[in-house]
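Me: Could you take a close look at one part of this model for me? I would like to hear about the aromatic residues and what surrounds them.

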Amino acid sequence: MNNENNQKKTWKAGFLSLGLIGGSIAMTFRKKYPDAEIVALNRSPEPLQKALETNVINYGTNVIDDHFSNCDIIFLCGPIGVNIGFLKDIRRYISPSTILTDVGSVKSDIHRAVAADLPEAAFIGGHPMAGSEKSGYDNANDHLIENAYYILTPGPNVPQELIDRYYCLVQSLGALPLILSPSDHDYITAAISHVPHMIAYTLVRLVEESDSPEQYMKLIAAGGFKDITRIASSDPVMWEHICLSNPDNIDKLLESYLCKLQELRSLIKDGKGQELRQLFAQIRDYRNSIQDAPRGPIRKIYDLHCDIIDEAGAIATIATILSTQNVSIKNIGIVHNRTYEEGALHIEFYDEHAVTTAAGLLKKHGYRIYER
Ligand code: NAD
């Protein structure tokens, strides 16, 4: 694929909804294409106001109007059902050379809706496999999709030239394009994202319902439990749309998951120690073979724990050591309720490189480090 030929020099891009994902792509677009014309719609005015003030967009509105004419690309960035609702209103503003895309977490439904409502559109579904349990434009940033897989699901009649152009655009925005069919996408994401979210939701519910009136479980629940249930803090509306849009795949994989839980339950009930150990070792090996980078659909946290003595100036000393190598700290704090694998101080960083550098520096200064 020839980057030069497929890369436009100037772009006009439209965004329908400017939340976490729409805002992040718009910010990245502005960073990579300072001369681009970017127009955006959002139902509430605040994100538009902020995006205008920071020059992320050139024009903001709460209705789809003539400003969306002649766009090279239009991103639908609302919840899945909302994106489907946008299709009829955007019809009059798209031309054969407009790439129409979305960022929804499920693809088959929107492809069906496009085939029914807008068959003439050059629709290429898109799904940046990056995100966060936080939502809204205030949490958007210009590096969210960097080094993340960005799945593209081209519709059946889209000219190859437009697929190539979008592919190269994604690369130029710093993400890793991967072309899949809508149905493959929906099965894969059900397994690695949708079902894990359902498991996180039910785990949190299990603890809430099993807790004593004194709420000791809530009090003691620490690092490990919070880690695996972090995604249960995601936006409920978004997850309602995802579940309703991908019910068959989620159902099939949950069925299979329930069988595996039953299997485990029986081994525990029957006291089958050797089988349990074998199973855990096999699972551990597969888990360890999953590469950390590039980014996946569930945001990675770059952090470490280290032991410190509880005395005045202890945190300042660590901050000073890290500053010698210009390592920026995103968050730092004492862990009051430790689980066995953690140190007393928790430090969060912005990227992988910073964690590695920090761990090396602190070890050199005699600190005991706990990395994940
Ligand atoms: P968000 O809550 O940050 O933003 C949603 C946007 O949609 C907001 O601008 C909101 O104003 C708008 N919106 C919501 N309901 C609306 C309605 N009824 N009418 C008009 N506008 C409405 O959500 P997000 O995380 O940016 O998710 C947007 C899309 O991206 C979803 O389709 C989601 O499946 C997909 N996605 C999310 C993630 C993630 O981790 N958050 C990752 C990849 C893809």
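**The aromatic cluster and the sheet**

Reply: Happy to, and let us begin with one ring: Phe-29 is buried, because its relative accessible area is 0%, under the 20% that sets the limit. Please keep in mind that this is a predicted model. Tyr-33 also counts as buried, at 11% relative accessibility. The centres of the Phe-29 and Tyr-33 rings are 5.4 Å apart and their planes meet at 45 degrees, so this pair is tilted. Phe-29 pairs with Phe-75 as well: here the centres lie 6.4 Å apart and the planes stand at 80 degrees, which makes the pair edge-to-face. Since Phe-29 belongs to helix 2 (residues 20-32) and Phe-75 to strand 4, this pair ties together parts that are 46 residues apart in sequence. Phe-75 has 1% relative accessibility and counts as buried.

Ring pairs extend the picture to a cluster of Trp-11, Phe-15, Phe-29, Tyr-33, Phe-75, Tyr-150 and Tyr-166. Across the whole structure, the search finds seven aromatic pairs.

Now for the sheet. It is open, with eight strands in the order 3-2-1-4-5-6-7-8 and mixed pairing. Strand 3 (59-61) and strand 8 (176-179) are at the edges; each has a single partner strand, so one side of each is left without a neighbour in the sheet. On average, neighbouring strands are turned by 20 degrees against each other, direction ignored. Helix 5 (residues 108-117) lies across strand 4 (73-76), strand 5, strand 6 and strand 7 (149-154), and runs at about 165 degrees to strand 6. Strand 5 (residues 99-102) and strand 6 (residues 122-128) run parallel and are joined by two bridges; Ala-122 in strand 6 is the bridge partner of Ile-99.

How values were computed
Residues numbered from 1 in each chain as written. Predicted model: local features only at pLDDT ≥ 70, side-chain atom pairs only at ≥ 80, totals over all residues. Heavy atoms only, no water. Pairing = 2+ DSSP bridges. Helix = DSSP H or I, 4+ residues; strand = E, 2+ residues; numbered from the N terminus. Axes fitted to C-alpha atoms, helices over the stretch in contact; angles between N-to-C directions. Contact = heavy atoms within 4.5 Å. Phe/Tyr/Trp six-rings, centres within 6.5 Å; stacked < 30°, edge-to-face > 60°. Buried < 20%, exposed > 50% of the residue type's maximum accessible area, 1.4 Å probe, protein only.
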